Amino acid sequence: MSTQLPITNPPLVCWNCHERTIGTHFCPGCGKLLQLPQGSDYFAMFELPRKLWIEMDALEQKFLQLSWKLHPDNFVSATEQEREISLKRSSELNDAYRTLRDPIARVEYLLAIEGMRKNGENKQQAPPELLEEVFELNESLDELREAKAEGSDTASLRQRLEAAEKSFGEKLNEVDGALQSKAQEWDDAIDAGANVADRGKIMAQLNELLNRRSYIRNLVVNVQKELL
Amino acid sequence: MGKIVGIDLGTTNSLVAYVDAQTGEPRCIPGPSGSTLCPSVVSIDPDGSIIVGEPARRRLLIQPERSIYSVKRLMGRGPSDVQSELKLFPFRIDPASRNVIRVQLGDKVFTPPEISSFILRELKNWAESYFGETVDRAVITVPAYFNDAQRQATKDAGKLAGLEVLRLVNEPTAAALAYGLHEKRRGKVAVYDLGGGTFDISVLKLISTGEGDIYQVLSTNGDTHLGGDDIDNLLQAFVHEQILQHDQIDFSPHGELAQELRKVLIEIKHQLSETTTATLRFPLPNGNVFVREFTRGALEALIRPVVERTMAPVKQALADAQLKPSELDEVVLVGGTTRTPLIRRTVQEFFDRKPHTELNPDEVVALGAAVQANILDQGVKDMLLLDVTPLSLGIETYGGAVAKVIPRNSTIPASAQELYTTGVDNQTGIDIHVLQGERELAKDCRSLARFTLRVPPAPAGLPRIEVKFLIDANGILQVAAKDLRTGEQHTIEVQPSYGLNDADIERMLEESIEYAEQDFAERQVIEARTEAELILSATAKALANPQAAQLPVTERQKVDASVATLQEAVKGSDYKLIRRQIDELNRATEHLAEVLMSSAVQTALEGKKLAEV
């Protein structure tokens, strides 16, 4: 694997003993569970660089290891404040693991913390070259709904939609493939220490792929729903 | 600080367990009768005292209007949710119920959490007299598929019973904990839990790490209104229909006779798990006895729809865990209803693997709760549970759609932040509607809470309010808001859509003190009276039967005299005397019972012959 970027968490002051500390989880001075430092993110939480390829087994190991330390079960008889911190820290850990484990959510999150995409934004972008096909698909969907409502025969319509579902399913795979190689490009750029402009370009492309994926995925889901 | 216990608050039975400090093994605590099962039945005496468990179950037969079973079905639900239940269960809902159901028991009304708190208090008493020490903290189990309101209601019940609820644990997870500890197995495990009223399926990964064992739930699914009760309802409806056709008797579905029939049918159901045929003999008010032979095959044909309803959640849970049935290492059966052979076969066929049934399916959940209670009491030492939220959390958006912010099967605690702003100048409030469920429209999801974010007047779009939704380790929602411009934290008063608010709980806590500590002798008197009333009413019914005329006059006089002395004893409060008179009446009516039974069976058989001719 490539070299790890150094992780630098901003120093903070322990809420309990008021010492300045660089601890990640527990204060080296008094041993109390620390708040997550300001500006920390999911990658930093797992001591990972902001790269898109993640070794899953290592991620899981780290998740389980941190769960032992941060889970509220450890703090049932601790002070109210420590219980609060544990609840916050372990929910953030779980949110981080849920996000990083999912390759799509991971890209969305990276773009969000890099300021390229609004958190939770789900912009669907119709790919221009697909417009004709999408138009036909929507027509078939309308016809199927009508046929269902009238109770008439839907066999041939279903066949057409099944073919469309397959075709869009393949396009979804294509987008996933494109996302994967673009992600690889991002990781290479990080390793090479690429400048802001170059990184920005890759992120814009990733963002476009995400929007395209979201649009196609939505189509596939709609067709599947009608075919049920 | 007092002792800590684990409690399985079940639809049909409830249990309390603890971890033995010497052996480290979890054990269930027996009640006064020696059984570890406390029937989840509550009865209110005319004098206002509260009867729980086996004595209350007996009262179900003589005072159904003062007694309630399966109250778990009502937890965290609104009056409009339970309309379908009312056809099947003898719940008398106070018509004045608004967002919280109130149940009529005799001349009093109670909320479901209050009724559940009576059961919890009884179990607390069992544990306290077992330890000779106070018990003040508990881990209580809930169906994994319980929503926020149902969980909150369970937590409220614990509080009303004088218990600090350290954690709500999902029932299948608790079972996996007890199972894993017992069998020392690792790998991917499916827990199929079909109880009296609820069905859960959970898929877990049991992992050994350097620090200890982790029980990680991968996915869960279920149905909070599917269980053995539904089988009993089917059986009861079937036999009602037969009796109506055969004897033209159409008894009220919730009366005393219906309760008696239900009790007998449950015994038949249990028997058919052991043998392939069982005979129902049920004396009717017209003097006839309804006799019918049941085969296991006939029962299975009747209950197959119930068993099949469990399979969709099973498939969904596996899909969510991204596993095929063959990829599981073990399958564990939990809940009394899984004793049914049809269920064992169905599960075995689906997973192509013999399910584990080594642990007592009635006790395993309580044992797991005790293990978790011990972990919380000692701090995590060598075991950690990582559970999930069963339902997606969503926020209503424009047009009544739902935006999911925390997906189902997220490990808890879990959180999500949403940013809100205003749409018009000087808008002072933003309405937020929180929901739980998988459907796309708000009207199809479960409403958890509505609240209004207060915003200082400003031009539209300028305010920036960050709302944090957090599901804690109990699966219960917390909401906090922060004004990003001022850094000010808002506390949000979340008014639950279906549940008690803090004022309700305070009031109930005050009221509960009235009911709290009945002393031992008082309870003995109540229980003895209950039993006396049961036998007195049974005797009166028997004497009214035309066949009773066959009884010799001297014996009839003896029975009448015993009845009179018992009636006299019941007026007093000497429970030993009441018990003695009960025994005496029992002896005096032995012959009467024989006479009635043999003549009744004869008539039934004759009737059958005539019909066959």
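From the N terminus on, the elements of chain A follow the order β-β-α-α-α-α-α-α-α. The model described here is predicted. In total, chain A holds seven helices and two strands. The two strands open the order, and the helices follow.

The overall dimensions of chain A depart from those of a compact globule. For 228 residues, such a globule would have a radius of gyration near 17 Å, whereas chain A has 23 Å. The C-alpha trace of chain A spans about 75 × 45 × 30 Å along its principal axes. Burial was assessed over the whole chain. Of the 228 residues in chain A, 23% are buried. Contacts within chain A were then sorted by sequence separation. Among those with a separation of 6 or more, 59% join residues 24 or more positions apart.

Chain A also touches chain B. To this contact chain A gives 14 residues, and chain B gives 20 residues. On the side of chain A, two elements give two or more residues each: helix 2 (56-70) and helix 3 (80-101). Helix 3 of chain A gives the most, with six residues. By residue class, the side of chain A that touches chain B comprises five nonpolar, six polar and three charged residues.

In chain B, strand 12 was examined in detail. This strand covers residues 187-194 and is mostly covered, with six of its eight residues buried. Strand 12 of chain B pairs with strand 13 (residues 199-208) of chain B in the antiparallel sense. Eight bridges make up this pairing. The connection between strand 12 and strand 13 of chain B is a hairpin, made through four residues. Strand 12 of chain B also pairs with strand 17 (residues 330-334) of chain B. Here the sense is parallel, and the pairing runs over five bridges.

Val191(B) shows both pairings at the level of a single residue. In strand 13 of chain B, its bridge partner is Ser202(B). In strand 17 of chain B, the bridge partner of Val191(B) is Val332(B). Val191(B) is thus bridged to Ser202(B) in the antiparallel partner strand and to Val332(B) in the parallel one. Strand 12 of chain B therefore has a hairpin partner in strand 13 and a parallel partner in strand 17.

Methods: Residues are numbered from 1 along each chain as its sequence is written. Chains are lettered from A and ligands numbered from 1 in the order in which they are written. This is a predicted model: local features need pLDDT of at least 70, side-chain atom pairs count only at pLDDT 80 or more; totals for chains, interfaces and linings use all residues. A residue is buried if 20 or more other C-beta atoms lie within 10 Å of its own, exposed if 12 or fewer, and partly exposed in between; C-beta atoms are placed from the backbone. Two strands pair if DSSP finds at least two bridges between them. The radius of gyration is taken over C-alpha atoms; the globule rule is 2.2 Å times the number of residues to the power 0.38. Two residues are in contact if their C-beta atoms, placed from the backbone, lie within 7 Å. Ala, Val, Leu, Ile, Met, Phe, Trp, Tyr, Cys and Pro count as nonpolar, Asp, Glu, Lys and Arg as charged, and the others, Gly among them, as polar.
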